[in-house]
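Me: I am new to this structure and would like a close look at one part of it, the salt bridges. Could you walk me through them and then place them in the wider picture?

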Amino acid sequence: MQSRPAHSWRWLLANFLRREITSRYAGAAGGIAWALLHPLAQLAIFATVFGFILRVPESALGGLRFAAFLAIALWPWFMFAEGLQRAVASIPGNASLIRKVAFPHELLVLASVGASFAIHGAGWIAVLVALSLWGEPIRWTGLVLALPLVAAQIAFTDGEGAFLAAIGEVLRDVEQALGLVLMAIFYATPIVYPIGMVPEPWRAWLNLNPLAYVVARYRDVFLGGGWQAGDLWVLAASLVVLFAGLWVFRRLSPYFEDLL
């Protein structure tokens, strides 16, 4: 059954994706509203700490208020971080299903990542609309120009998620260590600070972080910047990560039933 063509499993992927979205907030009084309220609370905390207490210079924000500067990059981070965490947890979280039914296990990873991008992507658009109404110079052409970047993020997160989910079944420390690694990546990405505040010798190291490029490009396109050839290179590199991660996952997938 695993050898069937990928398109024949689309209905199952769609079902997993729908289940992921509907089950995350099932039973919560706030329901799907928590998908926006939780990120907004984090936005308020970071905006208070870095915008008012530590006071990031307004001259480094490209004409944006700090809350807008932060929000443009913060929601893509939520997509990536939550997608990765849920991808790693998707295999042990569906152990009973994996033991009973034969299907491509990577569908669980793809659904977990897809749900995170769908939920936080909707919240991102809502926040961008609110910022535009608040008077921020948000250019809506940026939504089109951002599509290759979003596609690159999805591919990269799928690939990393598949790789870590597979390795996590062999090394149980992966899920425990992921939170610490994500915290380090968060502060190594210019989300709560502009790259111009980083000392010159350190910027080259930060630029090794692929999310640093993506975050900078999101801010650029929403402030009126145009398409760059680097966007396609990032998309191509992310597709390589995707295929490599899925290759590792599929090599280890037949052993999941024994490891779970």
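Reply: Here is a tour that starts with the salt bridges and then moves outwards.

A word on the ground rules: this is a predicted model, in which local features need pLDDT of at least 70 and side-chain atom pairs count only at pLDDT 80 or more, while totals for chains, interfaces and linings use all residues. Residues are numbered from 1 along each chain as its sequence is written, and side-chain values use heavy atoms, with hydrogens and water left out.

Side chains of opposite charge can pair when their charged atoms come close. The structure holds seven salt bridges, each being a side-chain nitrogen of Lys or Arg within 4 Å of a carboxyl oxygen of Asp or Glu.

Let us begin with Glu106 and Arg250, whose side chains meet in a salt bridge at 3.0 Å, N to O. Glu106 lies in helix α5 (residues 106-133) and Arg250 in helix α11 (residues 229-252), so the pair ties together parts that are 144 residues apart in sequence. Helices here are DSSP runs of H or I with at least four residues, strands are runs of E with at least two, and both are numbered from the N terminus. Glu106 counts as buried at 10% relative accessibility, whereas Arg250 is partly exposed at 47%. For these words, buried means under 20% relative accessible area, exposed over 50%, and partly exposed in between, with a 1.4 Å probe and protein chains only.

Next comes a pair within one helix. Arg203 forms a salt bridge with Glu200, the closest N and O atoms being 3.3 Å apart. Both belong to helix α9 (residues 200-206), and because they are three residues apart there, about one helical turn separates them. Arg203 is partly exposed at 25% relative accessibility, and Glu200 is exposed at 55%.

Helix α10 (residues 210-222) offers another such pair: Arg217 and Asp220 are three residues apart, so about one helical turn lies between them. Their closest N and O atoms are 2.5 Å apart in a salt bridge. Arg217 is buried, with 3% relative accessibility, while Asp220 is partly exposed at 27%. Asp231 joins in too, as Arg217, Asp220 and Asp231 are linked in a network of salt bridges.

Now for the wider picture. The protein chain has 12 helices and zero strands. With 260 residues, a compact globule would have a radius of gyration near 18 Å, and the 19 Å of this chain agrees; that radius is taken over C-alpha atoms, and the globule rule is 2.2 Å times the number of residues to the power 0.38. Along the principal axes, the C-alpha atoms fill a box of roughly 60 × 45 × 35 Å. Buried residues make up 46% of the 260. Among contacts with a separation of 6 or more, 80% involve residues 24 or more positions apart, where contact means heavy atoms within 4.5 Å.

One last stop is Asn94, in the loop between α3 (66-93) and α4 (95-100). Asn94 is buried, with a relative accessible area of 10%. Leaving aside neighbours within four places in sequence, Asn94 is in contact with Arg19 and Leu108.
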